[in-house]
Amino acid sequence: MDFCIYDSRLSAFKQPFGAVAAGETVRFSIHLPKNLCVKSAHLVLCCDGESDRFFPMQLDECTMRYNCYSIHFVAQHPKLYFYYFGVTTEDGSTHVIHANESIRGELSVDTDRYWQLTVYDPKMKRPASLGNGILYQIFPDRFCNSGTPKKNVPADRTLRSDWGNLPVYLPNEEGEITNSDYFGGDLAGITQKLPYLQSLGVTCLYLNPIFEAHSNHRYNTADYRKIDPLLGTEEDFADLCAQAKKLGISVILDGVFSHTGSDSVYFNQNGRYGEHSGAYRDPNSPYREWYSFKRYPDDYECWWGFKTLPNVRETQPDYMDFICNPKTGVLAKWLTLGASGFRLDVADELPDSFLDRVYQTVKSFGEDKVVIGEVWEDASNKISYGNRRRYLLGNQLDSVMNYPFRNAVLGYILTGNADDFLTSVVSIVENYPPPAMNSMMNSLSTHDTPRAITVLVGESMEGKDRPWQAAHHYLSLDKYARGQVLLKLASTLQYFLPGIPCLYYGDEAGLSGYADPFNRCCYPWGYENQELIAFFSELGKLRLSMPFLTEASFTPLVVDEALCCYLRCGKNKEERALIAINRSNQPRTLPLPKDFTDAEAHILLGEYHNGVLCGESAVVLEDYPFFEK
């Protein structure tokens, strides 16, 4: 068959493209071959836990090659639908039209793949706190030490005086990795560097945990109501938020609510907080019901088997109120002090009812406040612990960390696999509600992944231990130079894809590193890669100057083994940017739209001559009309 039966991404078959708001009309059309002798056709909608629903389609167009059957459908409530089409022929036989590997429809006698229709709450909006520029993620202990004397520091911490050296990565004499070495980065240090962050185009800071905790990563919370003493005080945090706000920068915090530390005021296994307090040491503790003990006190549920991270029962009323009470809860405390929202650690391990309460509390402080979840897969159809999640349908998460884009961008730069890149990017664009899509946290590196430059030019770390990672932490000069080139290409794609680019501290300064703790090294103040910083500053300022990107459409023009070229178009169709990278070492001609000529475009980034893009280079072009506004 040489024509398409159905393609969810083409307007001839489905309008509008992608997710739709509840109450919005969707038109579905299928093109059936003349020789099929169709008697009837219908749309079949499927929802989890519900019987399939059948909707008859009408014959509304006949051509020389096919008959077109269509239906207009309106979903009244936010819901995740899956769908396919059924056809009955004049001889009584039945066929189904379902998605194949390329997402285009094919005739079959059985259904094994479905298309997805995401219907979201029409009240969803992109939170203003994210701004029009970029997110910047900071691992607080390793960003900047202000030099302020540290007070009330627990005696069991090792304070490093060798800023920039590798973190401790080997077990101690007892065979334990304690993460108890600290370089002294603090909140005042971040405040000192706000002008630098502004020069990168930063409009929102995302801080890894800052609450009191007895490890340098601070994901083992000891006290949700206190700033860790090495980071400073509540006053330091309020000052950071206030000074950042003056520069148009908001601050969001890491909310680690699926577990606490065993060494915490709540669990207190180590006795740090008194001999007879905490759920572990006092069966009558007010925190006792937060935890699930199989055999008190030593056998309890913990996060991924780590005994230092006892799980909490998020739906336990006292715990939920402790976190979410809009007046006295943990969220309210930090929002009142100036936070603009939270990134929720392991969101797929948090129950829906808890996520709902978090969202309600955060939004009670203003619709501009943001809730972003850590989800590593497509969050629109994620199943976790046997439940289909409704993160992005409305009133639960504004958006998520966008690991699928990270994998797509880095994978494309490494391999040139165009199909994988397009499949990953377009499926997210199609499945996510626009407000969520435009709020995605698009990272190339994070505290949980190797640094992008190491991924692009380093040896594979698969099966390698920490000593090997330490020995290969620094790239050779040749590899480093090559890494700079590839990082620029990857970052150009990242900064102009749908969503908001998130820069992991130090990537712009040339930091390399494999997995934890090597991806969490100190920012190299005084030893920065100035060429990269200049490039990222240019990217950030450019992104900041193009606010239409926060709601722009995404149209791939050419994606092949060497060239990736796409168009971002604003709502009024006049504001347009063309982004292209050439990963090969040979020049390529760019496929400019007919009304997007050299004479009508302005080069905002890179070099571009006579319609040709040089090898291993990137370019951003924009129409003159918008540029002159």
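Start your tour at the largest pocket, which has a volume of about 1,300 Å³. To land in the middle of this pocket, select Asn179, His217, Phe306, Thr308 and Leu309, the closest to its centre among the 41 residues that line it. Keep in mind while you click around that this is a predicted model.

Now colour the lining of the largest pocket by residue class. You'll find 11 nonpolar, 15 polar and 15 charged residues there.

**Second stop: another pocket**

Next, move to the second largest pocket, with about 580 Å³ of space. Which residues lie nearest its centre? Select Pro434, Met437, Asn438, Glu551 and Lys571, and you have them, out of 26 lining residues. Two elements give two or more residues to this lining: helix 9 (434-437) and strand 28 (553-559). Colour by class again, and the lining of the second largest pocket shows 14 nonpolar, 6 polar and 6 charged residues.

**Third stop: the open sheet**

Switch to a cartoon view and look for an open sheet of 8 strands. Its strands pair in parallel, in the order 25-22-21-18-15-12-27-26. Strands of a sheet pair through backbone hydrogen bonds, either parallel or antiparallel.

Which strands stand at the edges? They are strand 25 (399-400) and strand 26 (441-443); each has a single partner strand, so one side of each has no neighbour in the sheet.

Zoom in on strand 21 (residues 341-344). It is joined to strand 18 (residues 250-255) by 3 bridges, and the two run parallel. Select Asp254 and you'll see that its bridge partner in strand 21 is Arg343. Strand 21 also pairs with strand 22 (residues 370-373), again in the parallel sense, over 4 bridges. Arg343 turns up here too, standing opposite Ile372 in strand 22.

Stay on strand 21 and show its side chains. Which way do they point? Gly341 and Arg343 go one way, Phe342 and Leu344 go the other, and all of them are buried.

**Fourth stop: aromatic rings**

Show every Phe, Tyr and Trp. The structure holds 51 aromatic pairs. Try Tyr83 and Phe85: their ring centres are 5.9 Å apart and their planes meet at 80 degrees, so this pair is edge-to-face. Buried or exposed? Tyr83 has 0% relative accessibility, so it counts as buried. Phe85 is buried as well, also at 0%.

Now select Phe143 and Trp525. The centres of these rings lie 5.5 Å apart with the planes at 75 degrees, so here is another edge-to-face pair. Why does this pair tie together parts that are apart in sequence? Phe143 belongs to the loop between strand 12 (134-138) and strand 13 (158-159), while Trp525 belongs to the loop between strand 27 (500-504) and helix 13 (530-544), so the pair links parts 382 residues apart in sequence. Phe143 is buried, with 0% relative accessible area.

For a bigger group, select the cluster that ring pairs link together: Phe211, Tyr224, Phe237, Phe257, Tyr266, Tyr287, Trp290, Tyr319, Phe322, Trp334, Phe342 and Phe354. You've already met Phe342, on strand 21.

From the cluster, pick out Trp334 and add Lys333, which lies over the face of Trp334 at 5.2 Å from the ring centre. Then jump to Trp468, where the charged end of Lys464 sits over the ring, 4.8 Å from its centre.

**Last stop: unusual backbone spots**

Most residues other than glycine have a negative phi, and most peptide bonds are trans. Here are some places to see something else.

- Select Gln15 and Pro16: the peptide bond between them is cis, with omega near -5 degrees. Pro16 is in the loop between strand 1 (14-15) and strand 2 (20-21).
- Select Tyr296 and Pro297, also joined by a cis peptide bond, with omega about 0 degrees. Pro297 is in the loop between strand 19 (293-295) and strand 20 (299-300).
- Select Cys37, whose phi is positive, near 55 degrees. Cys37 is in the loop between strand 3 (25-33) and strand 4 (38-46), and at 46% relative accessibility it counts as partly exposed.
- Finish at Asn610, with a positive phi of about 55 degrees. Asn610 is in the loop between strand 32 (601-606) and strand 33 (612-613), and it is exposed, with a relative accessible area of 76%.

Key: Residues numbered from 1 in each chain as written. Predicted model: local features only at pLDDT ≥ 70, side-chain atom pairs only at ≥ 80, totals over all residues. Heavy atoms only, no water. 1 Å grid on protein atoms, 1.4 Å probe; cavity = no way out; pocket = protein on both sides within 12 Å on 5 of 7 lines; lining within 4 Å. Points joined across faces, edges and corners; volume = space filled by probe spheres on them. Nonpolar A, V, L, I, M, F, W, Y, C, P; charged D, E, K, R; others polar. Phe/Tyr/Trp six-rings, centres within 6.5 Å; stacked < 30°, edge-to-face > 60°. Buried < 20%, exposed > 50% of the residue type's maximum accessible area, 1.4 Å probe, protein only. Lys NZ or Arg CZ within 6 Å of the ring centre and 35° of its normal. Pairing = 2+ DSSP bridges.
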